[in-house]
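Visitor: I would like a close look at one strand in the middle of this chain, including what lies beside it and what covers it. Please begin with a single pairing and work outwards from there.

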Amino acid sequence: MSSRMSVRLFRHTIAVLLCAIVCLTLSSCAPAGRAVGDTQDSEPEVAHIGKIKMDMLIGLIGSTQSSDIDTLALSAFDTAKVNAVYSSTVNASDPDEAARQAVNDMIDRRATIIVLNEADVNGKAATAWNQVLLRARDAGIPVTMLNPISAPDDDTLFAASLTTNDRATDAQPIARVLANIMDDKPHGREITVSTVAAEDLNRP
């Protein structure tokens, strides 16, 4: 075997190994058969030490319609003393496309959890939505649907559906719910949340 062929074989072997490593890395970010952050019955089998809440970064994608929920949620996050990045889509020429681009931006910023407010992901752009939500899943970032117009048909693309009701006695503080999902703590698939009841998550 010539030295040139040996070099080509070596490079090919390295490329195959790198590809395998990347694939294994991506697959390890998404649990089999369920959404990232979808822990309903018990604590995960692998011991998990939750992120310090001050390192939590919530990516809130605003409603494509004018909504007070965006403002109320941001206020709740501020009271809870957790970091949040907000993307408004109301004034975009194509609010639905702007919302998907915002999800991609949150993935690139390594948000620890993404919240979609009043999103319609099963309309004409269902395929495009599935692609961007799959990217979040592959990155290991849990996605929650807040007051969804329509949630994905594929349950592995979102961890939970949240409904705001500040008057409900069983409503849980929204920041606490998101922290629990981020930390893989058991939770339901449908959760009533409050933007009024809030707590400092970083308080000892």
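Which residue stands opposite Val115 in β3?

Guide: The residue opposite Val115 in β3 is Leu60. Before going further, please keep in mind that this is a predicted model, in which local features need a pLDDT of at least 70, side-chain atom pairs count only at pLDDT 80 or more, and totals for chains, interfaces and linings use all residues. Residues are numbered from 1 along each chain as its sequence is written, and side-chain values use heavy atoms, with hydrogens and water left out.

The pairing you asked about belongs to a longer contact between two strands, since β1 and β3 run parallel and are joined by four bridges. Strands here are DSSP runs of E with at least two residues, helices are runs of H or I with at least four, and both are numbered from the N terminus; two strands are said to pair if DSSP finds at least two bridges between them. Val115 also has a bridge partner in β4, namely Thr144, and β3 and β4 likewise run parallel with four bridges between them. As general background, strands of a sheet pair through backbone hydrogen bonds, either parallel or antiparallel.

How β3 is covered can be read residue by residue. Five of the five residues of β3 are buried, so the strand is largely enclosed by the rest of the structure; buried means under 20% relative accessible area, whereas exposed means over 50% and partly exposed lies in between, with a 1.4 Å probe and protein chains only. In a regular strand the side chains alternate between the two faces of the sheet. In β3 both faces are covered, with Ile113, Val115 and Asn117 buried on one side and Ile114 and Leu116 buried on the other.

The sheet around β3 is open and has seven strands in the order β2-β1-β3-β4-β5-β7-β6, with parallel pairing. At its edges stand β2 (83-87) and β6 (172-173), each of which has a single partner strand, so one side of each is left without a neighbour in the sheet. Helix α2 (residues 68-79) packs on this sheet and touches β1 (57-61), β2, β3 (113-117), β4 (143-146) and β5, its direction making about 170° with that of β1. Helix α3 (residues 95-108) also packs on the sheet, touching β1, β2 and β3, and its direction likewise makes about 170° with that of β1. For these angles, axes are lines fitted to C-alpha atoms, for helices over the stretch in contact, and the angles run from 0 to 180 degrees between N-to-C directions; a contact means heavy atoms within 4.5 Å.

One residue of α3 is worth following. Ala99 lies in that helix and, at 4% relative accessibility, counts as buried. Not counting residues up to four places away in sequence, Ala99 touches Ile61, Thr89 and Trp129. Its C-alpha is 8.3 Å from that of Leu116, although the two residues are 17 apart in sequence. Between α3 and β3 there is a loop that holds Arg110, and Arg110, a residue other than glycine, has a positive phi near 60°.

Set in the whole chain, β3 is one part of a fold with five helices and seven strands, which run α-β-α-β-α-β-α-β-β-β-α-β from the N terminus on. Of the contacts with a separation of 6 or more, 75% are between residues 24 or more positions apart, and 43% of the 204 residues count as buried.

Finally, a word on confidence. The mean pLDDT of the chain is 82, and 73% of its residues reach 70 or more, pLDDT being the predictor's confidence in each residue on a scale from 0 to 100. Over residues 7-28 the pLDDT is below 50, and this stretch has two contacts in the model beyond near neighbours in sequence. Residues 44-52 also have a pLDDT below 50, with nine contacts beyond near neighbours in sequence.
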